Amino acid sequence: MNSISFRKIISIIFINIIILISIFGAVEITFRLTFPEFNGDIHSDQLTHGKFRRYSKLFGYQVRSFDNKDEVNISPNEKVVLVLGDSISDGFGHSYHDIWWSQLERLLKIKDKNYKFISISGFGNNFTDNIDNGVNLISKLERANVKPYKIIYQFNYNDIQPYRKIDLKKINNISKFEIDFAKWRYGYLNKSVAARVIQHYAGILRKETSGSCDERSLDALGAYTWSFGSKNEVNNSEKSWLNFSKNVSGFHTFLSNRDIKFEIMISPILYQIDQLGLHPNYNHLNLDFSCATIDPHKKLIDISSTNFITIYDATNYLRTMFENKIKDNNFEPFYFNADDNHITPLASGYIAEFIAIKWID
């Protein structure tokens with residue numbers, strides 16, 4: 001091969017690379033202009049929805065923190081409020097100061113109520129996971145002569161299910177490769193809006209989005225199957241609620257015996273707040289709440305009342321704030337795009353505001 005032929009081949013390869021880059025660039029720009037709501041959905045060990053996050057340790061438990069301290073220090077005279085919850089209380093899509101309990105801490109300080117909030121929360125935790133975390137941590141704190149002033153359990157409507165976090169991992173039989181690929185996808189591939197949109201619609205195709213409650217099975221109500229008692233899971237739903245009620249009562253007794261206050265904060269879901277369907281990609285999986293046989297909100301209120309547990313229910317307050325913005329012609333999302341569960345920092349602020357108003361010392 002002479003030098004002229006070689007240069008032609010290199011030139012052709014180079015031109016084709018430029019053409020491919022141009023095509024991908026044009027596609028990406030088109031997707032960014034068409035689907036701006038999917039931009040910034042990046043998650044990694046350091047980022048949550050594009051927001052930086054830091055963690056410290058508290059007796060081996062990972063907790064969101066503002067500084068880079070390895071260990072959280074608690075002095076005996078501090079009024080510590082432990083928050084037990086899932087990704088919402090871990091601050092999904094939030095910087096530290098935007099998380100609902102962090103905002104609540106500041107609002108209470110304005111009222112000269114000084115508390116130190118610490119969140120022992122994690123993605124996928126249900127109430128049983130939270131009980132174990134709470135009991136183990138309180139035992140460790142007792143040995144260090146530290147007693148929390150109050151425990152707040154952040155209830156999520158996907159908490160009522162027959163499976164714990166560790167059970168779900170076993171059931172789904174997720175391999176290390178799948179976990180690593182998912183991390184790469186969330187942290188790097190999601191930088192492309194085109195890739196994120198394709199993932200979104202591919203996820204919809206994997207679900208049964210039409211048909212009767214029986215035909216759709218778990219897809220009819222998704223993660224809310226057991227809290228709302230889907231018609232095809234009535235027995236398991238009732239058992240899950242019964243177990244939940246017993247666990248709440250038992251945990252409350254455990255805390256009462258140690259003179260630790262126990263309260264519950266309800267994290268509303270999108271459909272309870274935005275009843276006009278204004279959020280982008282609203283109910284994209286077409287969840288069918290006509291399949292429900294249980295009113296989970298009433299169930300939770302009844303359980304709290306029976307056990308004399310203070311409950312912070314910001315549902316009506318949050319809905320009013322949302323509707324006020326609509327009346328003012330200033331719509332802002334209270335939930336993240338294509339997400340019916342995770343609240344935005346704006347909604348977190350309103351929830352913190354509500355709890356601050358209702359706060360009981």
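**Notebook: Ser89, the core and two helix pairs**

I started with Ser89, which has its place in helix α2 (residues 87–90). Note to self: this is a predicted model.

Is Ser89 buried or exposed? I looked up its relative accessible area and got 0%, so Ser89 is buried, the cut-off being under 20%. Next I wanted to know what Ser89 touches once residues up to four places away in sequence are not counted. I found Val83, Ile99, Trp100, Trp101, Ser119, Ser121 and Gln154. For Trp101 I also checked the spacing: Ser89 and Trp101 sit 12 residues apart in sequence, and their C-alpha atoms are 7.5 Å apart in space.

**The core**

I then pulled up the largest nonpolar core, which has 77 residues. Which residues have the most contacts inside it? My list reads Trp100, Phe117, Phe155, Phe244, Phe262 and Trp359. Helix α13 (residues 345–358) gives the most to this core, with seven residues.

I picked Phe117 from that list for a second look. Leaving out neighbours within four places in sequence, I have Phe117 in contact with Val81, Val83, Trp101, Leu104, Glu105, Leu108, Ile152 and Trp359. Val83 and Trp101 were in my notes for Ser89 too.

**α3 against α13**

I went on to how helix α3 (residues 100–110) packs on α13. The angle is about 45° and the axes are 8 Å apart. That makes the two helices oblique to each other, because 45° falls outside the ranges for roughly parallel, antiparallel or perpendicular. I noted the crossing of α3 past α13 as right-handed.

Which residues make the contact? From α3 I wrote down Trp100, Gln103, Leu104, Leu107 and Leu108. From α13 I have Pro345, Ser348, Gly349, Ala352, Glu353, Ile355 and Ala356. Sorted by class, the contact of α3 with α13 comes out as eight nonpolar, three polar and one charged.

**α9 against α11**

Last pair: helix α9 (residues 234–256) and helix α11 (residues 296–306), whose axes come within 11 Å and cross at roughly 30°. How does α9 run relative to α11, roughly parallel or roughly antiparallel? Angles under 35 degrees count as roughly parallel, so I put α9 down as roughly parallel to α11. Here α9 passes α11 in a right-handed crossing.

On the α9 side, I listed Glu238, Trp241, Phe244, Ser245 and Val248 in the contact. On the α11 side, they are Pro296, Lys299, Leu300 and Ile303. By class I got six nonpolar, one polar and two charged residues for the contact of α9 with α11. Phe244 also turned up earlier, among the core residues with the most contacts.

Terms used. Residues numbered from 1 in each chain as written. Predicted model: local features only at pLDDT ≥ 70, side-chain atom pairs only at ≥ 80, totals over all residues. Heavy atoms only, no water. Core = buried A, V, L, I, M, F, W, Y, C linked by side-chain atoms within 4.5 Å. Buried < 20%, exposed > 50% of the residue type's maximum accessible area, 1.4 Å probe, protein only. Helix = DSSP H or I, 4+ residues; strand = E, 2+ residues; numbered from the N terminus. Contact = heavy atoms within 4.5 Å. Axes fitted to C-alpha atoms, helices over the stretch in contact; angles between N-to-C directions. Parallel < 35°, antiparallel > 145°, perpendicular 65-115°, else oblique. Left-handed = near helix turned anticlockwise from the far one by under 90°. Nonpolar A, V, L, I, M, F, W, Y, C, P; charged D, E, K, R; others polar.
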